[in-house]
Amino acid sequence: MNKLFASTLLASSAFTLAACAATPDKEGVHFQQIRNATIKLDYAGTTFLVDPMLARKGAYPGFPGTYRSELRNPLVELPLPLDEVMRADAIIVTHTHPDHWDEAAKQSLPKNIPIFAQNEEDAASIRKDGFTQVSVLGDNTQFRGTRLHRTGGQHGGDKMIADLGPILGAVSGIVFQHPGYKTVYAAGDTVWNGQVDAAIQQYRPDVIILNTGYARVSGYDGAMIMGKEDLRRASLAAPQAVIIGSHMEAVNHAMQTRTELRDYIREQNLAPQRVLVPDDGESYRF
C-alpha cells in the first residue's frame, strides 16, 4: 500500500469532512474560512467568530514597511453578506492588529456581544470601543460548556522580534475543548516555535488551524507568520490531526498563495483529505 493511499485512508477513517453551511450543529464541529484570519467555528452548539476583519475591499492603506505596501487592504471582498458573517454567539480576538480586529468590526458588531481577548491590555482597548462584555482568556476559560485555552506564540523570527517587538506585540492562539467533540487548536499569528510544539503535545488536537500566509516585513528574512512548510511540520507533529491553512491572499504582506500551498501538499505527498487549504467562504465538518 503506498504512503499516500495509506495516509488518505487513515484520514478518511478518522474524520468525516463535508462542505456545509456554517450553522451551529450539536452533532459535530463546523469550520468556515471567512477571509484573511477571520474564521467561524461552530463548536458544541456555540458559534465563535475569530479575528473579525469586516471592512469592504480596499478600505485601508497597506501596512507600511511591509511587502507590497502600495496595495490597499483588504485585497478581496467578504465572501458572504456582512450580517451573515457577524451571526455569532461570541467573538475571539487573538490580538488587536487591524487585520484581526478592524474599524469595521468595531463599528458593526453588537456592543453587548461576548468578546474574549488575549490579555488585559487588549481587553481594555476593546472596552474603550464601547463593548461591554469583554473577558480575558486564561488557561481554562469556559463559555457555554466549551473550554477555551489561550496558547502562546511569536509574531516573527528572533531578529524581527528583537527589532520590532513593540510593534509586533503579543499574540496568542486558542484551543477549543468539549467532551464528545474534536479538540481544535487555532495557532494564531505565530511562526513555528516551541510554544506551538508545546500546545500540540499538551492538547493533542484533532484539528489544527495555521495562519500560513507567510506575511513579510521589508528588510527581514523569513516572515511574521507560518508558511507552506509548516503544514508539513504540523502533519508530522500531529499525525492524527486535520491541518487547515488560513490567513491567505487578503492583505498586502501575505506572500504565500493558496496555489503554492496546494502544489506543496502534492509535492510532499501529504494526504489531501488531511491537509486542507480552503477558499474564502468554504466550510468543513468534523
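**Group meeting: salt bridges, a sheet and two helices**

Okay, so a search of the whole structure turns up 12 salt bridges. Keep in mind that this is a predicted model. I'll go through some of those pairs, then move to the sheet and the helices on it.

Let's start with Lys106. Its side chain meets that of Glu103 in a salt bridge, at 3.1 Å from N to O. Both residues belong to helix α3, residues 103-108, and they sit 3 residues apart, about one turn of the helix. In general, an α-helix has 3.6 residues a turn, so residues three or four places apart point the same way. Now, is Lys106 buried or exposed? Lys106 counts as buried, because its relative accessibility is 14%, and the cut-off for buried is under 20%. Glu103, on the other hand, is partly exposed, with a relative accessible area of 43%.

Lys106 also has a salt bridge with Asp129, at 3.9 Å from N to O. This pair links distant parts of the chain: Asp129 is in the loop between α4 (120-128) and β6 (134-136), while Lys106 is in helix α3, 23 residues apart. Asp129 is partly exposed, at 27% relative accessible area.

Next pair: Asp263 and Arg266, whose side chains meet at 2.2 Å, N to O. Both are in helix α8, residues 258-267, again 3 residues apart, about one turn of the helix. Asp263 is partly exposed at 29% relative accessibility, and Arg266 is exposed at 56%. There's a network as well: salt bridges link Glu249, Arg258, Arg262, Asp279 and Asp280.

On to the sheet. It's an open one with 7 strands, in the order β7-β8-β9-β10-β11-β12-β13, and the pairing is mixed. Which strands are at the edges? Those are β7 (141-143) and β13 (275-276), each pairing on one side only. Further in, β11 (residues 207-211) and β12 (residues 242-246) pair in the parallel sense over 5 bridges. If you want a spot to click on, Ile209 has Ile244 in β12 as its bridge partner.

Helix α6, residues 194-203, packs on this sheet, touching β8 (146-152), β9 (172-177), β10 (184-186) and β11, and its direction makes about 150 degrees with that of β8. Which residues of α6 are buried? That would be Val196, Ala199, Ile200 and Tyr203. They're on the same side of α6, because they cover an arc of only 95 degrees around the axis. What covers the buried residues includes β8, β9, β10, β11 and α7. Flip to the other side of α6 and you find Gly194, Gln201 and Gln202 exposed.

The ends of α6 are worth a look too. Asn193 caps the N-terminal end, with a side-chain oxygen 3.1 Å from the backbone nitrogen of Gln195. Just after the helix, Arg204 takes a positive phi of about 45 degrees.

Last one: helix α7, residues 228-237. This helix lies across β11, β12 and β13, at about 160 degrees to β12. Its buried residues include Asp230, Leu231, Ala234 and Ser235. Looking down the axis of α7, the buried residues fall within an arc of 145 degrees, so they line one face of the helix. Among the elements covering them are β11, β12, α8 and β13.

That's my tour. Happy to rotate the model for anyone.

Definitions and conventions. Residues are numbered from 1 along each chain as its sequence is written. This is a predicted model: local features need pLDDT of at least 70, side-chain atom pairs count only at pLDDT 80 or more; totals for chains, interfaces and linings use all residues. Side-chain values use heavy atoms; hydrogens and water are left out. Two strands pair if DSSP finds at least two bridges between them. Helices (H or I, at least four residues) and strands (E, at least two) are DSSP runs, numbered from the N terminus. Contact means heavy atoms within 4.5 Å. Axes are lines fitted to C-alpha atoms, for helices over the stretch in contact, and angles run from 0 to 180 degrees between N-to-C directions. A salt bridge is a side-chain nitrogen of Lys or Arg within 4 Å of a carboxyl oxygen of Asp or Glu. Buried means under 20% relative accessible area, exposed over 50%, partly exposed in between (1.4 Å probe, protein chains only). The arc is that of the directions from the helix axis to the C-beta atoms. A polar contact is a pair of N or O atoms within 3.5 Å; within protein, one must be able to donate a hydrogen and the other to accept it, and residues adjacent in sequence count only if both atoms are side-chain atoms.
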